[in-house]
Amino acid sequence: MYSDQYGYEYRGTSFKRMYRCYPPSFLDKPHLENGDKIIMPPSALDKLAFLHIDYPMLFELRNNSAERVSHCGVLEFTSEEGIICMPCWMMENMRLKEGDLVRLKIVSLRRGKYIKLQPHCSDFLDISNPKAILETTLRNFTCLSTGDTIMVAYNNKKYYINIVETKPSHAVSIIETDCEVDFAPPLDYKEPERPIQHVPSSKPSTQDEEIPAEEEPKFSPFTGLARCLNGKTLISGTASASSGLNGKQSDVVGHGKSKQPSAGSSSPSPARKSQGKLVFGSNSKRTPTQKETPKESKKEEAEKKPEPKFQPFTGKKYSLRD
């Protein structure tokens, strides 16, 4: 058994000591941030030299007030007595402030076989070769503990990465070992929205596909009003009835004294043709050259004397003498 001037005892491979922690700026050691190594006082090296320990030396850091545990290595023994210097990211993991007490204990860790990492931001995956950057950074580390958050500095930017899982134990050594590395999705990763997929119809659409019969416009001929020669209005019926009536009445008018209707008869004007009304007699068959201007037609109607109305089928008979 060996004891020092502070009353600490060291037996075999046991080394336990309380130190006050400070950031790298306290000793002007900014390069200490790129790794997990701490700086210890020279007296600690004197005590460790008398112990049967494994190299490289690995230590357990414990903050009893916050119940936080981590692991680290040692870079050099040049700090003041009772003081250790550790990286800022390690102090954040341990929830330690400048000047707080932390307990150090030397330990032996198994070599790591599997590590699962999770970046805080997806920008780390945008680096041209993140695997090479990670391998270069981890060369400055001696061990990793599940639940810790390490810092990777690249291109004047700091990337924080969580240690999600380590195998075969909660804390592993990564010195001279082949370790499988896996990545979890970044903390700020969002899955891209999937585009809405339109469900195809049961029948494939083709260019030559005909319009259904229900959608085709129905043809309804002779939807207007028709007038008989006796002056009565005939309600338009089916196309066959209207067409038959048109043929009969045109024949009757053709056998009359004059092919033109009298002034008293109501002859539909050309404007009414567009409204779907029937027109009997020779006016419907007149060629464009036979059409008269509205002014001439009015003059002729004024000059002509009104003729008696033609009333066919009245039941009276007339002889040639009459």
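This briefing describes the core, one sheet with its covering helix, the salt bridges and one buried serine of the structure above. The model is predicted. Its largest nonpolar core holds 42 residues, and an open sheet of 4 strands is crossed by helix 3. A search of the whole structure finds 4 salt bridges.

**Nonpolar core**

- Within the largest nonpolar core, the residues that touch the most other members are Phe15, Met40, Leu48, Phe59, Met86 and Leu104.
- Helix 2, which spans residues 88-94, gives the most to this core, contributing 4 residues.
- Met86 has contacts with Cys21, Tyr22, Pro23, Pro24, Leu32, Ile38, Leu61, Met91, Leu96 and Val102, when residues up to four places away in sequence are not counted.

**The open sheet**

- The strands of this sheet follow the order 11-12-9-14, and their pairing is mixed.
- Strand 11 (149-154) and strand 14 (180-183) form the edges, each pairing on one side only.
- From one strand to the next, the twist averages 35°.
- Strands of a sheet pair through backbone hydrogen bonds, in either a parallel or an antiparallel sense.
- Strand 9 (residues 114-119) and strand 12 (residues 157-167) are paired in the antiparallel sense, over 6 bridges.
- Gln118 stands opposite Asn162, a residue of strand 12.

**Helix 3 across the sheet**

- Helix 3 (residues 130-138) lies across strand 9, strand 11, strand 12 and strand 14, and runs at about 115° to strand 11.
- The buried residues of helix 3 are Pro130, Ile133, Leu134, Thr137 and Leu138.
- These buried residues lie on the same side of helix 3 because they cover an arc of only 125° around the axis.
- Strand 9, strand 11, strand 12 and strand 14 are among the elements that cover the buried residues of helix 3.

**Salt bridges**

- Side chains of opposite charge can pair when their charged atoms come close.
- One of the salt bridges joins the side chains of Glu76 and Lys29, at 3.4 Å from N to O.
- Glu76 belongs to strand 6 (residues 68-76) and Lys29 to the loop between strand 3 (16-22) and strand 4 (37-39), so this pair ties together parts that are 47 residues apart in sequence.
- Glu76 is partly exposed, with a relative accessible area of 23%, and Lys29 is also partly exposed, with a relative accessible area of 22%.
- Another salt bridge links the side chains of Arg62 and Glu60, again at 3.4 Å from N to O.
- In this pair, Arg62 is partly exposed at 32% relative accessibility, whereas Glu60 is buried at 14%.
- A further salt bridge is formed by Glu165 and Lys167, whose closest N and O atoms are 3.7 Å apart.
- Glu165 is partly exposed at 28% relative accessibility, and Lys167 is partly exposed with a relative accessible area of 40%.

**A buried serine**

- Ser173 is located in strand 13, which covers residues 171-173.
- Ser173 counts as buried because its relative accessibility is 7%, and the cut-off for a buried residue is under 20%.
- Apart from residues up to four places away in sequence, Ser173 touches Leu58, Leu109, Arg110, Arg111, Gly112, Thr142 and Cys143.

Technical notes: Residues are numbered from 1 along each chain as its sequence is written. This is a predicted model: local features need pLDDT of at least 70, side-chain atom pairs count only at pLDDT 80 or more; totals for chains, interfaces and linings use all residues. Side-chain values use heavy atoms; hydrogens and water are left out. A nonpolar core is a set of buried Ala, Val, Leu, Ile, Met, Phe, Trp, Tyr and Cys residues joined through side-chain atoms within 4.5 Å. Buried means under 20% relative accessible area, exposed over 50%, partly exposed in between (1.4 Å probe, protein chains only). Helices (H or I, at least four residues) and strands (E, at least two) are DSSP runs, numbered from the N terminus. Contact means heavy atoms within 4.5 Å. Two strands pair if DSSP finds at least two bridges between them. Axes are lines fitted to C-alpha atoms, for helices over the stretch in contact, and angles run from 0 to 180 degrees between N-to-C directions. The arc is that of the directions from the helix axis to the C-beta atoms.
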